[in-house]
Structure formats: structure tokens, C-alpha cells
Amino acid sequence: MSPYIPILGIMALAALFLGASVTLSAFLGPRRYNRAKYDSYECGIDPTPQPEGGGRFPIKYYIIAMLFIVFDIETVFLYPWAVSFGQLGWFALVEMLLFMATVFIAYIYVWRRGGLEWD
């Protein structure tokens with residue numbers, strides 16, 4: 001248990017600092033409340049009214065987000081493989097080529113379906 005005491009001490013110190021900062025800012029901070037301060041801000045344009053349950057996002061938004069995740073995961077797998085390429089051998093090379101071929105097929109599919117065109 002003794003190796004964890006410094007970690008617990010730092011966590012307690014961080015919690016104490018957090019609590020003190022929030023409490024002091026509530027008491028010492030300026031209190032100038034106005035409507036413009038709490039109004040939503042969208043790049044200088046007055047926000048458009050939204051329906052009761054919130055606005056709907058176009059499906060294009062989700063497609064772009066999924067594409068980002070796919071290619072981000074490819075990068076996450078590619079970096080460690082490139083760093084340890086010398087020790088892995090031919091099996092790892094073939095496996096990475098298969099992985100990259102799968103991602104490339106997904107890229108071609110999205111490209112042909114128009115998922116990369118920004119409207």
C-alpha cells in the first residue's frame with residue numbers, strides 16, 4: 001500500500017485545489033448578469049430557433065464522423081507496426097497489407113458513393 005500513498009496524496013491535493021478554486025470564484029468573481037452573456041453564440045449570427053426536441057443533423061455529418069474514425073483507427077494501428085517492423089517479420093507485413101487493402105476497399109466504396117464530396 002505504501003507505493004500508492006504519494007499518488008493518493010496528489011489526488012487529494014488536486015481535489016482540494018479544485019474545491020478551493022470553485023468556491024473562491026463563486027465568492028470573489030464578478031456578478032454582472034445580463035441577457036447577452038447567457039445567450040447562445042453562433043459565429044456572430046443570431047441563432048435560429050430549434051424544435052422542442054432539438055434540431056436534426058443531416059446524415060452526411062454522421063458519415064463524415066464514421067470516415068474519420070475508420071481512418072483514425074488505421075493510423076493507430078499503422079504507427080506501432082511501423083515502429084516495430086524490423087522485429088515482426090513477413091507475417092506482420094502480410095497482415096498489414098491485408099488490413100490496408102480492407103481499408104482501401106472501404107475508401108473506394110465511400111468515394112464512389114460520394115461520401116467525400118462536401119455540399
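**View 1. Aromatic pairs in the predicted model, with Phe-71 and Tyr-107 in close-up**. In this predicted model, the count of aromatic pairs comes to 5. One of them joins Phe-71 and Tyr-107 in an edge-to-face arrangement, with 6.0 Å from centre to centre and 80° between the planes. Because Phe-71 belongs to helix H3 and Tyr-107 to helix H5, this pair ties together parts of the chain that are 36 residues apart in sequence.

**View 2. The largest pocket and the residues that line it**. The space in this pocket amounts to about 170 Å³, and its lining is made up of Lys-60, Ile-63, Met-66, Leu-67, Val-70, Tyr-109, Val-110, Arg-113, Gly-114 and Gly-115. Two elements, helix H3 (59-83) and helix H5 (90-113), give two or more residues each to this lining, and the largest share, 5 residues, comes from H3. When the lining residues of the largest pocket are divided by class, 6 are nonpolar, 2 are polar and 2 are charged.

**View 3. A nonpolar patch on the surface, formed by Met-1, Tyr-4, Ile-7, Leu-8 and Met-11**. Together, the five residues Met-1, Tyr-4, Ile-7, Leu-8 and Met-11 have about 590 Å² of accessible area. Tyr-4, one of the members of this patch, is located in the segment that comes before helix H1 (5-28).

Methods:
Residues numbered from 1 in each chain as written. Predicted model: local features only at pLDDT ≥ 70, side-chain atom pairs only at ≥ 80, totals over all residues. Heavy atoms only, no water. 1 Å grid on protein atoms, 1.4 Å probe; cavity = no way out; pocket = protein on both sides within 12 Å on 5 of 7 lines; lining within 4 Å. Points joined across faces, edges and corners; volume = space filled by probe spheres on them. Helix = DSSP H or I, 4+ residues; strand = E, 2+ residues; numbered from the N terminus. Nonpolar A, V, L, I, M, F, W, Y, C, P; charged D, E, K, R; others polar. Patch = residues over 30% accessible without salt bridge, like charges linked within 9 Å, V, L, I, M, F, W, Y side chains within 5 Å. Areas by Shrake-Rupley, 256 points an atom, 1.4 Å probe, with all protein chains shown as cover. Salt bridge = Lys/Arg side-chain N within 4 Å of Asp/Glu carboxyl O. Phe/Tyr/Trp six-rings, centres within 6.5 Å; stacked < 30°, edge-to-face > 60°.
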